[in-house]
Amino acid sequence: MTRVPGRSPFVALTFALGMIACSGPDETIRIDGSSTVYPVEAAWAEEFGPGLEARITVAFSGTGAGFQKFCRGEIDVSGASRPIADGENSDCAVSGIDPFRIEVGQDGLAVVVPRSNDFVDHLTVTELNRIWTADQSKQVNRWGELRENWPDREIQLFGAGTDSGTFDYFIEVIIHPFDGSDTKGRSDYTPSEDDNVLVQGVAGSDDGLGYFGLAYARENAERLRIVPIVDDTDGEAGDPVMPTDENVESGRYSPLSRPLFMYTDGKPVGVLAEFFRLGLSEEGQHLVQDVGYVRLSESTRLANLEKLD
């Protein structure tokens with residue numbers, strides 16, 4: 001199957017809760033987990049599944065929910081936008097499952113506003129913390145509380161649900177450095193593990209603000225605007241940085257650049273191993289770019305191929 005350049009897997013494959021099927025009588029590969037990683041999985045399944053003579057089902061329920069299914073032996077591959085946690089490793093061990101991690105691409109977690117917002121030119125990490133913190137002494141709820149020349153209107157927040165690895169990562173880099181590791185930030189926002197729901201929410205509110213995987217922001221560029229971020233975590237503010245491929249790969253888009261993973265039970269073999277070899281091939285990494293993420297650096301790509309062999 002040849003992928004048309006620029007073709008959107010979101011339109012072609014996002015149906016029935018993200019489920020697709022590639023026909024084949026020999027083997028079934030069940031994939032679930034992160035909605036962030038889902039576009040990569042769906043593109044690989046559509047492109048490579050028929051040639052593998054395998055039926056590949058791809059769904060998303062969030063990184064945390066995916067690991068729960070994975071550790072119960074209900075799925076073969078768990079997509080994850082963060083590394084597996086110690087508790088999840090322990091749950092897998094109880095079931096005799098040995099998580100094997102494969103890095104499949106890179107993401108620059110995008111902070112977005114609707115196209116109708118013409119005043120947010122950039123945000124600092126400190127400002128993001130003030131928006132999302134649970135600490136009432138510094139929490140802001142209106143644009144004008146952040147900067148005096150911004151309108152006195154309430155910010156409408158949309159963010160990842162607590163089963164999402166994106167939630168865990170955002171809290172780790174935006175909340176914990178300022179508020180300590182014992183807080184999860186504010187809870188009075190519209191949450192979802194489905195990034196498409198967050199896209200709709202931000203795009204439908206003139207004062208919307210949200211965060212999710214870069215692929216979803218790029219796919220909806222006609223409705224959303226990606227906000228450049230200034231990393232002032234260490235007290236020194238640099239220039240606003242956009243999550244371009246170059247800035248994500250180099251780590252300059254800090255602290256919101258992150259790797260994307262898929263996990264299997266032990267080193268994959270047979271058809272499943274071939275699925276990952278194809279995903280880590282030049283063609284597979286072009287598909288990562290095609291859906292809106294950033295391909296692995298050449299050294300990381302070859303290192304993960306070496307892990308498979």
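In this predicted model, a search for enclosed spaces of 30 Å³ or more gives a count of 1 cavity. The space inside this largest cavity comes to about 40 Å³. Its walls are built from W132, F167, F170, I171, I175, K184, G185, R186, Y189 and Y211. Sorted by class, the lining of the largest cavity holds 7 nonpolar residues, 1 polar residue and 2 charged ones. Helix α7 gives the most to this lining, with 4 residues. Searches of this kind rest on a simple idea: rolling a probe the size of a water molecule over the atoms shows where empty space is left.

The same helix turns up again at the largest pocket, for which a volume of about 170 Å³ was computed. Around the largest pocket stand S81, R82, P83, D168, Y169, E172, H176, K184, R258, P259 and F261. Two elements, α7 (165-179) and β12 (257-265), each supply at least two residues of this lining, and α7 gives the most, with 4 residues. The class make-up of the pocket lining is 4 nonpolar, 2 polar and 5 charged residues. K184 is named in the lining of the largest pocket and also in the lining of the largest cavity.

One of the pocket-lining residues, P83, can be followed a little further. P83 sits in the loop between β3 (77-80) and α4. Its relative accessible area is 43%, so P83 counts as partly exposed. Between the C-alpha atoms of P83 and E193 there is a separation of 17 Å, and the two residues are 110 residues apart along the chain.

The strand β12, which helps to line the pocket, is preceded by a loop with a feature of its own. The peptide bond running from S254 to P255 is cis, and its omega is near 5 degrees. P255 belongs to the loop between α10 (245-250) and β12.

Attention now turns to helix α2. This helix covers residues 38-52, and at 1.5 Å a residue its 15 residues should span 21 Å; the C-alpha atoms at its ends are 19 Å apart, which agrees. Along the way, α2 has a kink of about 40 degrees at E46, shortly before the proline P50. Of the 15 residues of α2, 13 are buried, so the helix is largely enclosed by the rest of the structure. As a general point, an α-helix has 3.6 residues a turn, so residues three or four places apart point the same way.

What comes just after α2? E53 follows, with a positive phi of about 55 degrees, although this residue is not a glycine. E53 lies in the loop between α2 and β2 (54-58). With a relative accessibility of 47%, E53 is classed as partly exposed, whereas 13 of the 15 residues of the helix before it are buried.

How many disulfides does a search of the whole structure find? The search finds 1. C71 and C92 form this bond, and their sulfur atoms are 2.0 Å apart. The pair ties together distant parts of the chain, with C71 in helix α3 (residues 63-71) and C92 in helix α4 (residues 86-94), 21 residues apart. The torsion about the S-S bond of C71 and C92 is about -75 degrees, which means that the disulfide is left-handed. Are the two cysteines buried or exposed? Both C71 and C92 are buried.

Two further residues round out the picture. V120 is placed in the loop between β5 (110-114) and β6 (123-124). Its relative accessible area is 1%, and because buried means under 20%, V120 is counted as buried. From V120 to G87 the distance in space is 39 Å, C-alpha to C-alpha, and in sequence the two are 33 residues apart. Q156, by contrast, belongs to a strand, β7 (residues 156-160). Q156 has a relative accessible area of 34% and is therefore partly exposed. Q156 and D245 are separated by 89 residues in sequence and by 28 Å in space, again from C-alpha to C-alpha.

Conventions:
Residues are numbered from 1 along each chain as its sequence is written. This is a predicted model: local features need pLDDT of at least 70, side-chain atom pairs count only at pLDDT 80 or more; totals for chains, interfaces and linings use all residues. Side-chain values use heavy atoms; hydrogens and water are left out. On a 1 Å grid over the protein atoms alone, a cavity is a set of points where a 1.4 Å probe fits but cannot get out, and a pocket is an open set with protein on both sides within 12 Å along at least five of seven lines; lining residues have an atom within 4 Å of a point. Grid points are joined across faces, edges and corners, and a volume is the space filled by probe spheres set on the points. Ala, Val, Leu, Ile, Met, Phe, Trp, Tyr, Cys and Pro count as nonpolar, Asp, Glu, Lys and Arg as charged, and the others, Gly among them, as polar. The expected span of a helix is 1.5 Å times one less than its number of residues. The bend at a residue is the angle between axes fitted to the seven residues ending there and the seven starting there. Buried means under 20% relative accessible area, exposed over 50%, partly exposed in between (1.4 Å probe, protein chains only). A disulfide is a pair of cysteine sulfur atoms within 2.5 Å.
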